[in-house]
Amino acid sequence: MKSARGHTGSSSSPILIRGAMLLHRVAEFAIFAVLAIATTTIFSNVVAGRGGVGPVAAESSTAGPFADAFAPTYIAPAISRHARHYVSIHTNTRPESPGGSSLAALAAASDVPRLGPDDLETLKSQGYVVVEDFLPSDSEWKNSLRSDVLQLREKNKFKIARIGQDSTNTLNEEIRVAETCFLGRNKAELRDVPSADRERLYDVLDALRQDLEDHGAKGNKLDEGLSEFLYAYYPTGGFYRRHRDAIKGSASFLREYSLLLYLNDDSYDAETDGGRLRIHMDSGGDFLPAGEAPLFQDVDACGGTLVLFESDRFPHEVLDTVRERFAVVGWYNRPMSIGDLASINSESGGVGDSASDPIRLAGLAVAAGLVTVGLINLLGS
Ligand SMILES: O=C(O)CCC(=O)C(=O)O
Ligand SMILES: [Fe+2]
């Protein structure tokens, strides 16, 4: 017995010790991983200004060879040039978020337009939804937001829009001719031009985020601080050629839903004024694959129309404008995970407009460093 116990003891003890050591290292790594996520979150929030609606991030994705497999899971409508295939009926009194949310009361109280159950269902089933008259045509507020755009342009708050991610963020006037102004509740650059209408816009964007989070197809949490919103102004002769909003391997891949809310005035007529949004449904990325027939849906950029789509599914473009064109553009992002961190750092860098890039990248680098140290500890001894 004794010798058996002794025998057992002498061979199992190293196993136990190794097991304990391994557990210790796994725990160590877990702590590093948590620290890494916390660091990333803190940096995201610092950069985003921590308001409901954060500023930030790279503008839309860029041209480049298409790498990802793209397999639509729905049958798109027949090729369309100037027809809207889907029009969601909007009533001026939007129902509250079906599941109810902490924002529902606020939304109802301040007359914030919301998505209806049908809109959410359509988004879920086809990956995009076009909601005409999300802001009713007689909405004074829509006109006030357009005035806000003009006011911010006058105060030089708009920049010539760039394309691409971070360090590759380039001015390419063959791809895009537009001006943008990043938005966010705590955006320092906008503090000297306050606007109650813009504050209301943030409420609407927050409420939409809540609806998407509660009832969207993707089922992921949407990160308040990482969401990105901007005003886009296209002069006459403006456009934005075919592109994707979410590119694998870059921080734009955190984008779950793209949002467009048009602010054009009631006399806008897509037939004569141009500037339609074209949503592509072929199997390509930034380009239509050779030999494949074009398949797309055009959306008139009528003031008050809201468009939402899954960011990683639909290449899209803005057709040439014949008159100035106004839009709110945005992306609802999911929180960043360790997996994202690894893939973002191994490829083209983090999210960020040119001003916030270095900070964000430093944050990502610290976070990545912590993960690496954790890994080294785990593998090392
Ligand atoms: O203005 C629009 O309709 C689309 C803009 C867009 O696709 C973008 O900024 O990524
Ligand atoms: Fe886009």
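**Figure 1. The iron ion (ligand 2) and its protein donors in the predicted model****.** Three residues donate to the iron ion (ligand 2): His243 through NE2, Asp245 through OD and His316 through NE2. These donors lie 2.0 to 2.3 Å from the ion. Along the chain, the donors follow the spacing H-x1-D-x70-H. His243 belongs to strand E6 (residues 239-243) and His316 to strand E11 (residues 316-318), and this pair, 73 residues apart, links distant parts of the chain. Both histidines, His243 and His316, are buried.

**Figure 2. The largest cavity and its lining****.** One cavity of 30 Å³ or more is present in the structure. The volume of the largest cavity is about 130 Å³. Its lining comprises 19 residues, of which Tyr234, Tyr240, Leu260, His316 and Val329 are the closest to the centre. One of these, His316, is also a donor of the iron ion (ligand 2). Strands E6, E7 (255-262), E11 and E12 (325-333) each contribute at least two lining residues. Strand E12 gives the most, with five residues. Sorted by class, the lining consists of eleven nonpolar, five polar and three charged residues.

**Figure 3. The aromatic pair of Tyr128 and Phe314****.** Four aromatic pairs are found in a search of the whole structure. In the pair shown here, the ring centres of Tyr128 and Phe314 are 5.4 Å apart and the planes stand at 80 degrees, so the arrangement is edge-to-face. Tyr128 is part of strand E1 (residues 128-131), whereas Phe314 sits in the loop between strand E10 (306-310) and E11; the pair therefore ties together parts that are 186 residues apart in sequence. Tyr128 counts as buried because its relative accessibility is 2%, under the 20% limit. Phe314, at 1% relative accessibility, likewise counts as buried. Together with Phe309, Tyr128 and Phe314 form one aromatic cluster.

**Figure 4. The aromatic pair of Tyr233 and Phe326****.** The rings of Tyr233 and Phe326 form an edge-to-face pair, with 5.4 Å from centre to centre and 70 degrees between the planes. Because Tyr233 lies in strand E5 (residues 228-234) and Phe326 in strand E12, the pair ties together parts that are 93 residues apart in sequence. Tyr233 and Phe326 are both buried.

**Figure 5. Arginine residues over tyrosine rings****.** Arg153 lies over the face of Tyr233, at 3.9 Å from the ring centre. Arg325 lies over the face of Tyr234, and here the distance to the ring centre is 4.8 Å. Tyr234 is also among the residues closest to the centre of the largest cavity.

Key:
Residues numbered from 1 in each chain as written. Chains lettered and ligands numbered in written order. Predicted model: local features only at pLDDT ≥ 70, side-chain atom pairs only at ≥ 80, totals over all residues. Heavy atoms only, no water. Donors = N, O, S within 2.8 Å, 3.2 Å for Na, K, Ca; no water. Helix = DSSP H or I, 4+ residues; strand = E, 2+ residues; numbered from the N terminus. Buried < 20%, exposed > 50% of the residue type's maximum accessible area, 1.4 Å probe, protein only. 1 Å grid on protein atoms, 1.4 Å probe; cavity = no way out; pocket = protein on both sides within 12 Å on 5 of 7 lines; lining within 4 Å. Points joined across faces, edges and corners; volume = space filled by probe spheres on them. Nonpolar A, V, L, I, M, F, W, Y, C, P; charged D, E, K, R; others polar. Phe/Tyr/Trp six-rings, centres within 6.5 Å; stacked < 30°, edge-to-face > 60°. Lys NZ or Arg CZ within 6 Å of the ring centre and 35° of its normal.
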